[in-house]
Amino acid sequence: MSVASIFTTVSWKETYSLTFNFSSFRLTDVDLQSKIGDSLSKQKSASVLFLRFSVKMVHAAYAVLSLAPLLVLGVPPIGTQPEQVHLSYPGAPGSMVVTWTTFNKTESKVEYGLLGGRLFEMTVGGNSTLFVDSGEEKRKMYIHRVTLTGLKPAAVYVYHCGSDEGWSDVFFFIALNDSTSFSPRFALYGDMGNENPQSLARLQKETQLGMYDVILHIGDFAYDMHEDNARIGDEFMRQIQSIAAYVPYMTCPGNHEASYNFSNYRNRFSMPGQTEGLWYSWNLGAAHIISFSTEVYFYLEFGLELLFKQYEWLKKDLEDANKPENRAARPWIITMGHRPMYCSDDDQDDCTKFDSYVRLGRNDTKPPAPGLEDLFYRYGVDLELWAHEHTYERLWPVYGDKVYNGSKEQPYRNPKAPVHIITGSAGCRERTDRFNPNPKDWSAFRSTDYGYTRMQVVNATHLYMEQVSDDQYGKVIDSIWVVKEQHGCSAWF
C-alpha cells in the first residue's frame, strides 16, 4: 500500500483532496427477508414458522445490543488504558518521543513499523513517572515516555502505545528529515483552551491531511491544566491527541501554566534537554529554533535564579548557533516565547509598555535582570514568535522601538532588525482582545479574528508565513516572505 493511499501531502497553494476507500457489508432487514423469502418457497410451513421466529430473535438481539452503551454508563475508566498520546522531537536525527498517560502503573511500550511493512514488527520500551497533582484531591497519573531511534528520514511509521494491559488507537507519523535542505512546514499558535477552541477542528483536519511537519504551541494550554484537580489538563491532552499523535507538538510555557510552579506543564510534555521544557533548542531544516520561558520575568516567587540561568543558557546557545559552521548550516534563528516584547493591544499587558520586562528587563531585582531584545539583536535572531495577546499582529522589522525595514518597497527583504509575529488567537474561554486604535509605527497588520499561523522555512534565504482566519472559514488574511541574503548580526548594518 502506498503512502498516497493513506493521505495526500499537500501544498498550501493547491486544492487538496483525500479519499479513503473502505469495503463493507451490511445485511439489512430487507436483505434478510429476501433471503428468507427465497428459502420459504422450498420449505414446509413448519420451517416458515421457524425462520420467522429466528428473524424476531435477531431483531430482539439488535435491540438489546443497542442498549449496550446505556448499560456501561457509570463504569469508571480503565486505569491501565493509554490516553493523551502525543509526539515530540527530542532533537536527535532519526528519533521521536511518544508520551502518554495512564492512571494505574503499567509497562511503557511502543509497537511500530513502517507503513506497508509488517504491522508492529518493532517494540521499544520506556519508562513512566508518577505525577501527583497539587490540587486538593492529589490525583495521581503516570506519564509514559518511549524514545524511538533509528527512524528513516521522511518514512511513514504506524504505531500504538501501551502495554498488554491496554493499547492505544493506531496512529501514524512521518519521521523528520534531518537534512539542512529540508523545507519544514509548521502550524503555530498560542492560547488554545478546552472551552471555545475555535481553530481546533481546522487544525485537526489539516494535520491529518499531512499539511504540517511540526506544531508550535506558544504557551497557554487548556485554561487551565491545573483546574478541577488537573481534569481540565487531562481533557485538553485528549483534545489535542487528534493533532499531537501525528506530528511533533513542540511547546513553551505561558502564564496560564504557572500554578504549582508550572507542574502540569513540566510533567505532561516531553521537550528536548533537561529543563522540563522551560527552555531548549533544536534544529530542523535550515532553522535553529529556540523555545524559552518569558514567565521567569513575572513569577519571581519560583526563584529569581531561573531568570539568570535561562539568560545565560540563551547566551551560550546563541553563541553556539552563531559559530560559522553552525550558522552556515542553519542560517535562520527563530525564537518562541509566550509574552511579546511589543504589541498594540488595549489591555495594559507588559508588551504595551515601553519598558517591557521581556524587552528591557527588570531594575527592581537585585541584581537587575537583563531583558532579551539586545541579546537577540546582538546574535542576529531573524524571527521572534509570540502569543499571549488573543489577536494576530505582524510587526515591521523593529529594534529599540524603531522600524528598520529592508526598504520602502520590500520591507522584509534583508530587514535591518528582527521580525516579530504575535499569534495568540487560536481560541479560549477569554475570547479575543481589543486593539489600541492608535498603534505605533512598527505595527504592520492586525486582526482580531480567531485563527493560527502557517510557516515554511523554504531554504537558507526564504521563509514564508501566512495567517489563517477561522472566522472567515480558513481564508488566508495576511502573508509575507522574509528574504535574507545574509544572516547574523552583520546583516543589520
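Buried means under 20% relative accessible area, exposed means over 50%, and partly exposed lies in between (1.4 Å probe, protein chains only).

The model is predicted, so local features need pLDDT of at least 70, side-chain atom pairs count only at pLDDT 80 or more, and totals for chains, interfaces and linings use all residues. Residues are numbered from 1 along each chain as its sequence is written, and side-chain values use heavy atoms, with hydrogens and water left out.

Most residues other than glycine have a negative phi, and most peptide bonds are trans.

**Exercise 1.** Find where R431 lies and state whether R431 is buried, partly exposed or exposed.

Solution. Step 1: phi of R431 is positive, about 65°, although R431 is not a glycine. Step 2: R431 sits in the loop between β24 (419-423) and β25 (443-447); strands are DSSP runs of E with at least two residues, numbered from the N terminus. Step 3: with a relative accessible area of 42%, R431 is partly exposed.

**Exercise 2.** Do the same for D191.

Solution. Step 1: D191, a residue other than glycine, has a positive phi near 60°. Step 2: the loop between β10 (185-189) and β11 (192-193) holds D191. Step 3: D191 is buried, because its relative accessible area is 0%.

**Exercise 3.** Locate the cis peptide bonds at D224 and P367.

Solution. Step 1: Y223 and D224 are joined by a cis peptide bond with omega of about 0°. Step 2: D224 belongs to the loop between β13 (221-222) and α5 (227-244); helices are DSSP runs of H or I with at least four residues. Step 3: from K366 to P367 the peptide bond is cis, omega being near -5°. Step 4: P367 is placed in the loop between β18 (361-362) and β19 (369-370).
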